[in-house]
Amino acid sequence: MLYVGLAALVTAVLVPVVTMAINISQMAWIRHVIPVPQSPPPRGHLIRGNRRNPSRITVAVVGDSFAAGYGASRPRETPAGLIAGRLARRLGCRVDLECLAVMGARTPDLTPQVDRAVALRPHLVLLFVGGNDITNLSPPGRTGRELGEHVRRLRAAGARVVVGGCPDLSVPPLVTRPLTWLMAGLSRRLSQAQAAHVRAAGGVYVDLFTALSPAFSAWPQRMLSPDGFHPSADGYVVAASAVLPAVMDACTGLVSPVELSPVG
């Protein structure tokens, strides 16, 4: 019985340690194989709708590679580009889109982007962040609080803020067990923390963990770009469709909407 007890104790101690070591090594490998430039793609400014339209909405995009649309080949295929296009058509106005997103950005890195967004005085800010916080094993609670502070600053500047939260990072095929379990748990916890702090700061939160997982799990080759991690143009259509209703609600009162149509 003594040997059985010792064996159980050793197993209880070693298994979590070995599993965590494997998780950390897999996480390091993922960060190594996925290209993460440190500046946004050359698509910072985009105008959707009639350029001569006197009715105009300014939208700033803040966040990481997801916000920048890494994986899309054209500006209009990025999530913000898709959303801006639908806003222009549905509201019958011109949308000036300023993408401030930086590839590889984590939540603590957003301060310079938020500074620039505040200076622009946009009507609306679209904010997408969370993936890099997960791959760097940032504590979800602290990360959520930091995000809430960014949203609070943007709201104090008069912007309406819609946040697309952390997706389920266990979905990409290059994430394998046992890392999938860790990634799923951290992604869910961060999404929950983001939701609580964004709403407390006066922003609107869209749960991309829940919204994107079914399509990305069912059709990863279609939903993901060739790097196997970032969304493809089709993946961004799904993401934009999930975020658009919240954006339309947030823009209530800016201009009068016209007949609705789906994202595409």
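Which residues are buried in H7? In this predicted model, the buried residues of H7 are Leu179, Thr180, Leu182, Met183, Leu186, Ser187, Leu190, Ser191, Ala193, Gln194, Ala195 and Val198.

## Helix H7

Helix H7 runs over residues 179-200 and has 22 residues. From its first C-alpha to its last, H7 reaches 31 Å, which is close to the 32 Å expected at 1.5 Å a residue.

After H7 comes Gly202. The phi angle of Gly202 is positive, near 95°.

## The nonpolar cores

The largest nonpolar core has 44 residues. Those with the most contacts inside this core are Leu87, Leu124, Leu126, Val162 and Val247. Several elements each supply at least two residues of the core: strands S2 (56-63), S3 (94-99) and S4 (124-128), together with helices H2 (65-68), H3 (79-91), H8 (208-218) and H10. The largest share, nine residues, comes from H10.

Leu124 can be looked at in more detail. Not counting residues up to four places away in sequence, Leu124 touches Thr58, Val59, Ala60, Leu87, Arg160, Val162, Val247, Ala250 and Cys251. Apart from the largest core lies another one, of 20 residues, which includes Val125, Leu147, Val161 and Ala195. Ala195 is also one of the buried residues of H7.

## Aromatic pairs

How many aromatic pairs does the count come to? The count comes to two. One pair is formed by Phe66 and Phe128, whose ring centres are 5.3 Å apart. The planes of these two rings stand at 40°, so the pair is tilted. Phe66 is in helix H2 and Phe128 is in strand S4, 62 residues apart, and the pair thus links distant parts of the chain. Phe66 has a relative accessible area of 10% and is buried. Phe128 is buried as well, with a relative accessible area of 2%.

The rings of Phe66 and Tyr236 also have their centres 5.3 Å apart, but their planes are at 85°, so this pair is edge-to-face. Phe66 lies in helix H2 and Tyr236 in helix H10, so the pair ties together parts that are 170 residues apart in sequence. Tyr236 is buried, like Phe66. Through these ring pairs, Phe66, Phe128 and Tyr236 are linked into a cluster.

## Cysteines

The count of disulfides comes to zero. Why does Cys93 form no bond with Cys251? The cysteine sulfur closest to that of Cys93 is in Cys251, but the two are 8.0 Å apart, which is too far for a bond. A disulfide needs the two sulfur atoms within 2.5 Å.

Cys93 has a relative accessible area of 2%, so Cys93 is buried. Cys166 is buried too, at 0% relative accessibility. Cys251 has already appeared above, as one of the residues that Leu124 touches.

## Ser225 in its loop

Ser225 is placed in the loop between helix H9 (220-223) and helix H10 (233-250). Is Ser225 buried or exposed? Its relative accessibility is 8%, so Ser225 counts as buried. The cut-off for buried is under 20% relative accessible area.

Leaving out residues up to four places away in sequence, Ser225 touches Gly71, His230, Pro231 and Ser232. The helix on one side of this loop, H10, is also the element with the largest share of the 44-residue core.

Notes: Residues numbered from 1 in each chain as written. Predicted model: local features only at pLDDT ≥ 70, side-chain atom pairs only at ≥ 80, totals over all residues. Heavy atoms only, no water. Helix = DSSP H or I, 4+ residues; strand = E, 2+ residues; numbered from the N terminus. Buried < 20%, exposed > 50% of the residue type's maximum accessible area, 1.4 Å probe, protein only. Contact = heavy atoms within 4.5 Å. Expected span 1.5 Å × (residues − 1). Core = buried A, V, L, I, M, F, W, Y, C linked by side-chain atoms within 4.5 Å. Phe/Tyr/Trp six-rings, centres within 6.5 Å; stacked < 30°, edge-to-face > 60°.
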